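Biologist: Could you take me through one part of this model up close? I would like to look at one helix and the stretch that comes after the helix, residue by residue where that helps.

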Amino acid sequence: MVLSACVQMPSLEAIPAAEAVLDLPVVTAATATSWQLLSSLNAYAPVPDSGALFRG
């Protein structure tokens, strides 16, 4: 599931609730961009309540 909220980090608040209701992984533009950037720098770290990409 993709939640579209431009690239604003306030969408982070909606991720845990959406994943709970939908029982699906949720990705936003902000989490996808952050994950890609951090992964390319080998700087990835889990971030609680930030969705499937950051579960670790």
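Modeller: Happy to; here is a walk along helix H2 and then into the segment after H2. Please keep in mind that this is a predicted model. H2 covers residues 29-40, 12 residues in all. From its first C-alpha to its last, the helix reaches 16 Å, close to the 16 Å expected at 1.5 Å a residue. Within H2 you will find Ser34, which counts as partly exposed because its relative accessibility is 24%, and buried would need under 20%. The C-alpha of Ser34 is separated by 9.5 Å from that of Leu53, a residue 19 residues apart from Ser34 along the chain.

Now let us leave the helix. H2 is followed by Asn42, which has a positive phi, near 55 degrees. In the segment after H2 there is another serine to look at, Ser50. With a relative accessible area of 6%, Ser50 is buried. Leaving aside residues up to four places away in sequence, Ser50 touches Leu12, Ile15 and Thr31.

The aromatic rings are a good place to finish. One aromatic pair turns up in a search of the whole structure. Its members are Tyr44 and Phe54, with ring centres 5.8 Å apart and planes at 15 degrees, so the pair is stacked. Both Tyr44 and Phe54 are in the segment after H2, 10 residues apart. As for their surroundings, Tyr44 is partly exposed at 32% relative accessibility, whereas Phe54 is buried at 5%.

Note on methods: Residues numbered from 1 in each chain as written. Predicted model: local features only at pLDDT ≥ 70, side-chain atom pairs only at ≥ 80, totals over all residues. Heavy atoms only, no water. Helix = DSSP H or I, 4+ residues; strand = E, 2+ residues; numbered from the N terminus. Expected span 1.5 Å × (residues − 1). Buried < 20%, exposed > 50% of the residue type's maximum accessible area, 1.4 Å probe, protein only. Contact = heavy atoms within 4.5 Å. Phe/Tyr/Trp six-rings, centres within 6.5 Å; stacked < 30°, edge-to-face > 60°.
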